[in-house]
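Open the model in your viewer and keep the sequence panel in sight. We will walk through it one selection at a time.

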Amino acid sequence: MHRVGIFGASGYAGMELRALLDAHPAVEVAFATTDRDAGARGRDCEVALLATPAEASVELAPALLAAGARVVDLSNAFRFQPERAAYGMPELAAGVRAAVRAARLVANPGCYPTAASLALAPLLAAGVIARDDLIVDAMSGVTGAGRRSEDAYSFVELHANARAYRVLRHQHQPEIAQNLGAAASSAVDVTFTPHLVPIARGILATCYARATRDVTADALAELLRAAYAGERFVRVVASADDVQLADVVGTNDCAIGVACAGRRVVVVSAIDNLLKGAAGQAVQNLNLMLGCDERAGLTALRRWHP
């Protein structure tokens with residue numbers, strides 16, 4: 001059994017991590033804490049999972065590494081530092097899994113970037129959609145904001161309501177641009193707008209692009225299926241109309257569907273923001289680091305339905 005520790009265990013992602021690891025066949029939870037005594041804790045575990053804000057992760061990760069532990073960080077503290085951390089979205093590109101297996105520090109991707117990148121990266125890599133004028137509109141459940149007590153996140157304010165937030169200044173836009181630019185082998189122009197909707201969890205991302213040549217929805221779907229052939233957690237459905245949160249919430253899956261009319265391409269993706277968008281993907285990365293089956297602890301979920 002591998003001893004694994006959790007920091008930030010009281011947040012939504014931290015609680016998901018604890019539930020996943022308690023059921024993991026090859027893992028023993030050494031500790032689950034909000035305590036920041038990283039040096040002492042790091043000697044108690046093989047891998048530490050940080051479900052902490054970025055400012056805490058910046059302090060915790062170096063101390064844990066110095067104590068001999070490996071680290072998976074769920075914040076954005078290290079997502080733009082490839083010299084320090086492997087970026088852990090296993091399905092995103094060739095070589096990611098090998099990098100995660102070898103890494104001492106893994107930067108777990110953000111929830112919105114996971115949904116957007118899995119939807120668009122294969123099409124950009126194939127050159128069938130243009131690098132400019134990409135648009136990602138995404139709706140998220142309230143747990144994406146973390147455990148908050150502000151009025152804006154209360155039931156009264158959210159019930160029968162929906163709103164965009166942090167328009168043109170959301171912290172995940174650079175991460176989306178980084179991932180899509182890497183897929184395209186060139187800088188991309190992407191506009192990202194997140195929306196908060198009155199559901200507990202889940203992200204539905206509607207991504208707009210322009211085809212570089214005449215193409216059909218069926219051809220684009222086949223390209224996506226080929227890109228994700230053999231992937232346990234990414235599935236391409238019959239059409240964009242068939243992507244819905246009810247099919248992915250409570251799982252580590254990403255569902256993707258595509259539509260096309262003329263040169264306009266629309267790709268819709270759906271994930272659970274707390275699983276494939278956070279804790280589930282972190283356990284995927286943990287499994288790679290430990291040499292476990294990538295699916296360990298992730299195939300019998302469905303604990304919380306919308």
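**Stops on the tour**

Start with Arg-235, which stands opposite Ala-255 in S12. This is a predicted model. Now widen the selection to strand S11 (residues 234–236) and strand S12 (residues 254–261). The two pair in the parallel sense, over three bridges.

Next, add strand S13 (residues 264–271). S12 and S13 run antiparallel, joined by eight bridges. For one such position, pick Cys-260: it stands opposite Val-265 in S13. Then go to the turn. S12 and S13 form a hairpin with two residues between them. Click Gly-262 there; its phi is positive, about 65°.

Keep Val-265 in view and select Ile-129, which is in contact with Val-265. Ile-129 sits in the loop between helix H5 (111–125) and strand S7 (134–140). Is Ile-129 buried or exposed? Ile-129 counts as buried because its relative accessibility is 3%, and the cut-off for buried is under 20%. Beyond four places in sequence, its contacts also include Leu-120, Leu-124, Leu-134, Ala-209 and Thr-212. Measure across to Arg-264: the C-alpha atoms are separated by 9.2 Å, though the residues are 135 apart along the chain.

Last stop: the open sheet of six strands. Its order is S2-S1-S3-S4-S6-S5, with parallel pairing. Strand S2 (27–33) and strand S5 (86–87) stand at the edges. Each has a single partner strand, so one side of each is left without a neighbour in the sheet. Within this sheet, select strand S3 (residues 47–50) and strand S4 (residues 70–73), which run parallel with four bridges. Leu-50 has Asp-73 in S4 as its bridge partner.

Note on methods: Residues numbered from 1 in each chain as written. Predicted model: local features only at pLDDT ≥ 70, side-chain atom pairs only at ≥ 80, totals over all residues. Heavy atoms only, no water. Buried < 20%, exposed > 50% of the residue type's maximum accessible area, 1.4 Å probe, protein only. Contact = heavy atoms within 4.5 Å. Pairing = 2+ DSSP bridges.
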